[in-house]
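Subject: Structure for your study

Dear colleague,

Please find the structure below, together with its sequence. The notes that follow set out what was found in it, and I would ask you to read them with the model open beside you.

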Protein chains: 2
Amino acid sequence: MVYTIGEMAKMLDLAPSTLRYYDKEGLLPFVERSEGGIRLFRDSDYEFLKIVECLKKTGMQLKDIREFIHLVMEGDSTIEARLALFQKQRAEVEKQIAQLQETMEVIRFKCWYYETARQAGTTAVPDAMPNEALPEGLRAVRARLRKEME
Amino acid sequence: MVYTIGEMAKMLDLAPSTLRYYDKEGLLPFVERSEGGIRLFRDSDYEFLKIVECLKKTGMQLKDIREFIHLVMEGDSTIEARLALFQKQRAEVEKQIAQLQETMEVIRFKCWYYETARQAGTTAVPDAMPNEALPEGLRAVRARLRKEME
DNA sequence: CCTTGACTTAAAGTTGACTTTAACTTCTAT
DNA sequence: ATAGAAGTTAAAGTCAACTTTAAGTCAAGG
């Protein structure tokens with residue numbers, strides 16, 4: 001099955017201009033052309049682009065994704081390098097998830113803070129509340145925000 | 001305790017120019033100045049900036065963070081609005097974590113794929129492997145990458 | 001008093017990832 | 001054969017979030 005740029009763009013839910021930009025940046029060296037110069041995308045290209053999408057979601061920059069694509073093009077001699085890349089990316093994403101979970105703690109604290117303030121009609125109440133009065137799990141969060149302890 | 005911009009920047013691990021930029025963008029309306037025009041940061045400003053940092057980590061844009069800061073400056077009349085904001089942000093971060101976990105599945109698949117390829121010396125082996133031969137949890141991932149089923 | 005390091009501003013420059021524009025070509029359907 | 005949709009390129013424009021530069025001011029120590 002072959003697709004035009006517009007069809008492939010729709011399948012991936014992005015703009016055709018984005019695919020052209022990726023191509024210009026060297027991310028799509030595998031895309032073939034018709035006689036007249038029209039890009040012909042294959043199902044295997046879809047698979048490639050799903051991986052590009054995945055790497056983008058991990059925050060990887062296009063120039064690093066290009067490096068990966070070029071490793072793939074070089075064939076089986078780069079299997080080790082590609083494995084290393086994904087192992088590194090796995091650690092990276094684990095870190096990101098941990099980071100977001102920490103951020104979530106702060107947000108949970110702030111939700112509690114404003115719920116308490118709403119009840120009282122003023123933020124002065126949660127502000128003045130002693131540590132022992134706040135929910136267990138939120139004490140450390142407030143302390144960190146206030147730069148108490150380290 | 002008051003701090004100069006350089007000291008506060010160090011405490012937050014960012015460049016002084018970043019704090020000046022935030023100020024210019026209206027994110028630091030609470031920062032006072034000395035006679036001579038030098039910014040004076042307080043401990044309470046540190047707390048503010050930690051929240052800015054937190055909101056940035058959720059991917060919120062500076063202009064939206066500015067809106068929040070301005071809600072805070074308006075006082076207790078905006079408690080509801082601020083609570084709503086954090087509740088929205090909580091849902092947002094939950095979505096982000098779920099998204100990263102999906103991404104992690106793909107990366108796990110790729111790690112398996114390249115480990116298998118390394119053993120075999122070629123990616124042809126994992127490519128040709130029937131669904132039943134791959135680890136339980138990775139079958140659906142490969143199917144999604146290949147646009148089999150939905 | 002004077003040096004020196006850290007501060008100030010306004011304005012311009014940078015980076016990454018696109019998007020838009022303009023001029024043109026190819027493909028498909030009648 | 002031709003119209004119109006969708007493709008092509010190169011180049012310029014956009015956006016967010018900073019960073020850098022230039023020219024100058026403030027503040028603390030000797």
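I begin with one contact to the DNA: in the side chain of Arg39(B), an N or O atom is 2.8 Å from a phosphate oxygen of DNA strand C. Please bear in mind throughout that this is a predicted model.

DNA strand C

Two residues of chain A also approach phosphate oxygens of DNA strand C. For Tyr22(A), a polar side-chain atom lies 2.9 Å from a phosphate oxygen of this strand, and for Ser17(A) the corresponding distance is 3.5 Å. Which elements give two or more residues to the surface near DNA strand C? They are helix 2 of chain A and helix 1 (5–12) of chain B. Helix 2 of chain A provides the largest share of that surface, with 4 residues.

There are 19 residues around DNA strand C, and those that come nearest are Thr18(A), Thr4(B), Gly6(B), Arg20(B) and Arg39(B). Of the atoms of DNA strand C that come within 4 Å of the protein, 81% belong to sugar and phosphate. By class, the residues of the surface near this strand comprise 7 nonpolar, 8 polar and 4 charged.

DNA strand D

DNA strand D likewise has 19 residues around it, and the nearest are Gly6(A), Arg20(A), Arg39(A), Thr18(B) and Tyr22(B). Here sugar and phosphate make up 80% of the strand's atoms that come within 4 Å of the protein.

Three contacts with phosphate oxygens of DNA strand D may be inspected in turn. The side chain of Thr18(B) has an N or O atom 2.5 Å from a phosphate oxygen of the strand. For the side chain of Thr4(A), the distance from an N or O atom to a phosphate oxygen is 3.0 Å. Gly6(A) takes part through its backbone, with an N or O atom 2.9 Å from a phosphate oxygen.

Helix 1 (5–12) of chain A and helix 2 (16–24) of chain B each supply at least two residues of the surface near DNA strand D. Helix 2 of chain B gives the largest share, 4 residues. The surface near DNA strand D consists of 7 nonpolar, 8 polar and 4 charged residues.

The contact between the two protein chains

Chain A and chain B each bring 43 residues to their contact. The area buried between chain A and chain B is about 4,200 Å², and carbon and sulfur atoms give 74% of it. Between these chains there are 4 salt bridges. Glu47(A) and Arg146(B) form a salt bridge through their side chains, at 4.0 Å from N to O. In addition, 8 residue pairs are in polar contact across the interface of chain A and chain B, counting pairs with both residues at pLDDT 80 or more.

On the side of chain A that touches chain B, at least two residues come from each of helix 3 (43–57), helix 4 (62–74), helix 5 (79–120) and helix 7 (139–145) of chain A. The largest share, 25 residues, comes from helix 5 of chain A. This side of chain A has 19 nonpolar, 10 polar and 14 charged residues.

How the two copies are related

A turn of 180 degrees, with a shift of 0.0 Å along the axis, lays chain A on chain B with an RMSD of 0.1 Å. This is the relation of a two-fold axis. Which residue of chain A comes closest to the rotation axis? That residue is Ile97(A), whose C-alpha is at 3.0 Å. The copies meet through the same surface, because 100% of the interface residues of chain A are also interface residues in chain B.

A salt bridge within chain A

Over all chains, the structure holds 18 salt bridges. One of them joins the side chains of Asp23(A) and Arg39(A), at 2.6 Å from N to O. Asp23(A) is in helix 2 (residues 16–24) of chain A and Arg39(A) is in strand 3 (residues 39–42) of chain A, so this pair ties together parts that are 16 residues apart in sequence. Arg39(A) is also among the residues that come nearest to DNA strand D.

With kind regards

Notes: Residues numbered from 1 in each chain as written. Chains lettered and ligands numbered in written order. Predicted model: local features only at pLDDT ≥ 70, side-chain atom pairs only at ≥ 80, totals over all residues. Heavy atoms only, no water. Near = heavy atom within 4 Å. Polar contact = N/O pair within 3.5 Å; in protein donor to acceptor, adjacent residues only side chain to side chain. Nonpolar A, V, L, I, M, F, W, Y, C, P; charged D, E, K, R; others polar. Contact = heavy atoms within 4.5 Å. Buried area = accessible area lost by both parts, 1.4 Å probe. Least-squares fit on C-alpha atoms with pLDDT ≥ 70 in both.
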